[in-house]
Amino acid sequence: MQLAPPPWLHLRRRTHSTMNAPADFELDLPFAMPPAAGTAAVAADGVQWLRMPLPFALDHINLWLVDGAQGFAAVDTGFGDVVTRGHWQTHFATTMRHRALGQLVVTHYHPDHLGNAAWLAARFDVPVTMTHGEFLHAHCVWHEQASMDAASMAAFLHAHGLPADDAQALGARLTGYRRAVPELPRTFRRMIDGDALTLGGSAFRVIAGFGHSPEHAALYCSERGVLISGDMLLPRISTNISVWAGEPDADPLQRFLDSLSRFETLPPDTLVLPSHGLPFRGIALRVAQLRAHHHARLGELEDFIRATARPVSASEVLPVLFRRKLDTQQLSFAMGEAIAHLNHLWHRRRIERIAAPDHAILFGIPS
């Protein structure tokens, strides 16, 4: 599906051409390079930084090992494939020096975070610590329940303007969770917002975040001066915020923006350990960038709908948000993101949502 730049682009011209939130040079990036796959770097006192490959455009994930007297605590697990497990095997012998994995924490249900959780839990006989929302949602997606099946996803995307064939292809791709998460933990140890987890002898406070996933958990440690941010704060790209078939009227963007306030009051010298990109300092600046980014994109969408002078579908606004050719994997997230931004404008009463006679969902300027 080729996406051409919109003809109204002169209305609000930006220097950045994707949904990436621009990274300001004032962000402090203390590491010039990540560790190579199979090796580790010291990110902070007692915190080892591992980087694992991913088989798509976002080609890596950062994982964290917190060292302690009772063994290591791992935060996130990587994509559930042979390549990633091979790198884990290397780390068992080198980084971990054949010591035990005593704790296993998963920030959220996405496959690059949960993919090897059951495998690691079984190997080390350790429970998986997650939030309630992420654990149950993982099982819902894995078993394709509550509109998480391919047919429901395809119908949802088709209603938002994708041609039927494209919608079916994306619906099938979006329900490929089992390929990346071969097995799920059957039990878990629950954490909730405000909990203090002892990892490596230090207290890490759970900070729940919403919008990117049902009940994402970031971990802040004042003693070590670090925030393991998961996907809630990333240094160069904006966190994906999507609407899917199971909650079609949702406004996850508002939940995400509200969640950012939980981070911007942390000490300014806090080292952020993100799931993607390089560690950084400058939380308040990054939060401000993300707020400005979404504000600008919402304004562009509203401008586009006014300039078009007719109701439009989510698929029609993709060139507004994504000004480059998208592959299949990127297109699926782009559609979810477009619907999320349109739903936000609708909830704010800046646009109206219209149910057309053919079950299509359109958005227009209120009369």
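**Strands 5 and 6.** I started with the pair formed by strand 5 (residues 101-105) and strand 6 (residues 128-130): they run parallel and are joined by two bridges. I looked up Leu104 and found that its bridge partner in strand 6 is Val128. Helix 3 (residues 117-124) lies across both strand 5 and strand 6, and I noted its angle to strand 5 as about 155 degrees. This is a predicted model, by the way.

**The whole sheet.** Next I checked where that pair sits. The sheet is open, has seven strands and follows the order 1-2-3-4-5-6-7, with mixed pairing. At the edges I found strand 1 (40-44) and strand 7 (189-190), each pairing on one side only.

**Helix 1.** I then went to residues 82-93, which make up helix 1. Helix 1 lies across strand 1, strand 2 (47-53), strand 3 (60-68) and strand 4 (71-75). Against strand 2, helix 1 runs at about 150 degrees.

**Second largest pocket.** I got about 190 Å³ of space for this one. Its lining includes Leu29, the run Ala57, Leu58, Asp59 and His60, then Leu234, Pro235, Arg236 and Ile237, and also His276, Gly277 and Leu278. By class I have seven nonpolar, three polar and two charged residues in the lining.

**Confidence.** Last, I looked at pLDDT. The protein averages 92, and 93% of the residues score at least 70. Residues 1-18 are another matter: pLDDT is below 50 there, although the model gives this stretch 36 contacts beyond near neighbours in sequence. Coordinates predicted at low pLDDT shouldn't be read in detail.

Technical notes
Residues are numbered from 1 along each chain as its sequence is written. This is a predicted model: local features need pLDDT of at least 70, side-chain atom pairs count only at pLDDT 80 or more; totals for chains, interfaces and linings use all residues. Side-chain values use heavy atoms; hydrogens and water are left out. On a 1 Å grid over the protein atoms alone, a cavity is a set of points where a 1.4 Å probe fits but cannot get out, and a pocket is an open set with protein on both sides within 12 Å along at least five of seven lines; lining residues have an atom within 4 Å of a point. Grid points are joined across faces, edges and corners, and a volume is the space filled by probe spheres set on the points. Ala, Val, Leu, Ile, Met, Phe, Trp, Tyr, Cys and Pro count as nonpolar, Asp, Glu, Lys and Arg as charged, and the others, Gly among them, as polar. pLDDT is the predictor's confidence in each residue, from 0 to 100. Contact means heavy atoms within 4.5 Å. Two strands pair if DSSP finds at least two bridges between them. Helices (H or I, at least four residues) and strands (E, at least two) are DSSP runs, numbered from the N terminus. Axes are lines fitted to C-alpha atoms, for helices over the stretch in contact, and angles run from 0 to 180 degrees between N-to-C directions.
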